[in-house]
Amino acid sequence: MSYLNDLKTLQAIKSQESERLVELTTISDGYTVLSSSNNKTLLFDDSSSGYITLPDYSEDSIPVGFTLDVVQIGSGKAVFEPSGSSTIKSLNSAVETSGEGAMVNVIKISTNGWLISGDIQ
């Protein structure tokens, strides 16, 4: 019986570990955030600066509390832009990644409001 309990414990641990893996998606200029990107990490890979659009609620009913990370892996910076009536809040109104390796957290804080923080300028 102890072996069976140990096996169940190992299966539960293995299941928890697989749930912690981050889904990575490579993007480039012209990407619009989608509700399907929740809790994912987007890898911005472009040789020149490009835009990541944060949509308003009428374009995609992304819920408050939605979150994703964006990592700049190419030499081009990711520039965040609002769409429609959406707004972006950030420290010092910064909206672009600060360089290769920069990581930015994006959070939906209200119906049409977004917060970005991290390696931005």
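A polar contact is a pair of N or O atoms within 3.5 Å, of which, within protein, one must be able to donate a hydrogen and the other to accept it. The exercises below apply this and similar criteria to a predicted model.

**Exercise 1. Describe the surroundings of Asp56: where does Asp56 lie, and which side chain makes a polar contact with the side chain of Asp56?**

Solution.
1. Locate the residue. Asp56 belongs to the loop that runs between strand S4 (50–54) and strand S5 (67–72).
2. Apply the definition. The side chains of Asp56 and Ser58 are 2.8 Å apart and form a polar contact.
3. Look beyond the neighbours within four places in sequence. Asp56 is then in contact with Ser83, Gly84, Ser85, Ser86 and Asn112.
4. Search for an opposite charge. A salt bridge requires a nitrogen–oxygen distance within 4 Å. The nearest side chain of opposite charge, Lys108, is 8.0 Å away, and Asp56 is buried yet has no salt bridge.

**Exercise 2. Determine how many salt bridges the model contains and which residues form them.**

Solution.
1. Recall the principle. Side chains of opposite charge can pair when their charged atoms come close.
2. Count the pairs. The total is 2 salt bridges.
3. Examine Glu23 and Lys40. Their closest N and O atoms are 3.4 Å apart. Glu23 lies in the loop between helix H1 (2–19) and S1, while Lys40 is in strand S3, 17 residues apart. Glu23 is partly exposed at 43% relative accessible area, whereas Lys40 is buried at 19%.
4. Examine Glu96 and Lys77. Here the closest N and O atoms are 3.8 Å apart. Glu96 lies in the loop between S7 and S8 and Lys77 in the loop between S5 and strand S6 (78–82), so this salt bridge ties together parts 19 residues apart in sequence. Glu96 is partly exposed at 24%, and Lys77 is partly exposed at 21%.

**Exercise 3. Establish the strand order of the open sheet and explain why one side of S1 and of S7 is left without a neighbour.**

Solution.
1. Write the order. The 6 strands follow one another as S1-S3-S5-S8-S9-S7, with mixed pairing.
2. Inspect the edges. Strand S1 (24–27) and strand S7 (87–89) stand there with a single partner strand each, so one side of each has no neighbour in the sheet.
3. Add the geometry. Neighbouring strands are turned by 30 degrees against each other on average, direction ignored.
4. Follow one pairing. S1 and strand S3 (residues 40–44) run parallel and are joined by 4 bridges. Thr26 has Leu43 in S3 as its bridge partner.

Technical notes. Residues are numbered from 1 along each chain as its sequence is written. This is a predicted model: local features need pLDDT of at least 70, side-chain atom pairs count only at pLDDT 80 or more; totals for chains, interfaces and linings use all residues. Side-chain values use heavy atoms; hydrogens and water are left out. Helices (H or I, at least four residues) and strands (E, at least two) are DSSP runs, numbered from the N terminus. Buried means under 20% relative accessible area, exposed over 50%, partly exposed in between (1.4 Å probe, protein chains only). Lys and Arg count as positive and Asp and Glu as negative; His and the chain ends are not counted. Contact means heavy atoms within 4.5 Å. Two strands pair if DSSP finds at least two bridges between them. Axes are lines fitted to C-alpha atoms, for helices over the stretch in contact, and angles run from 0 to 180 degrees between N-to-C directions.
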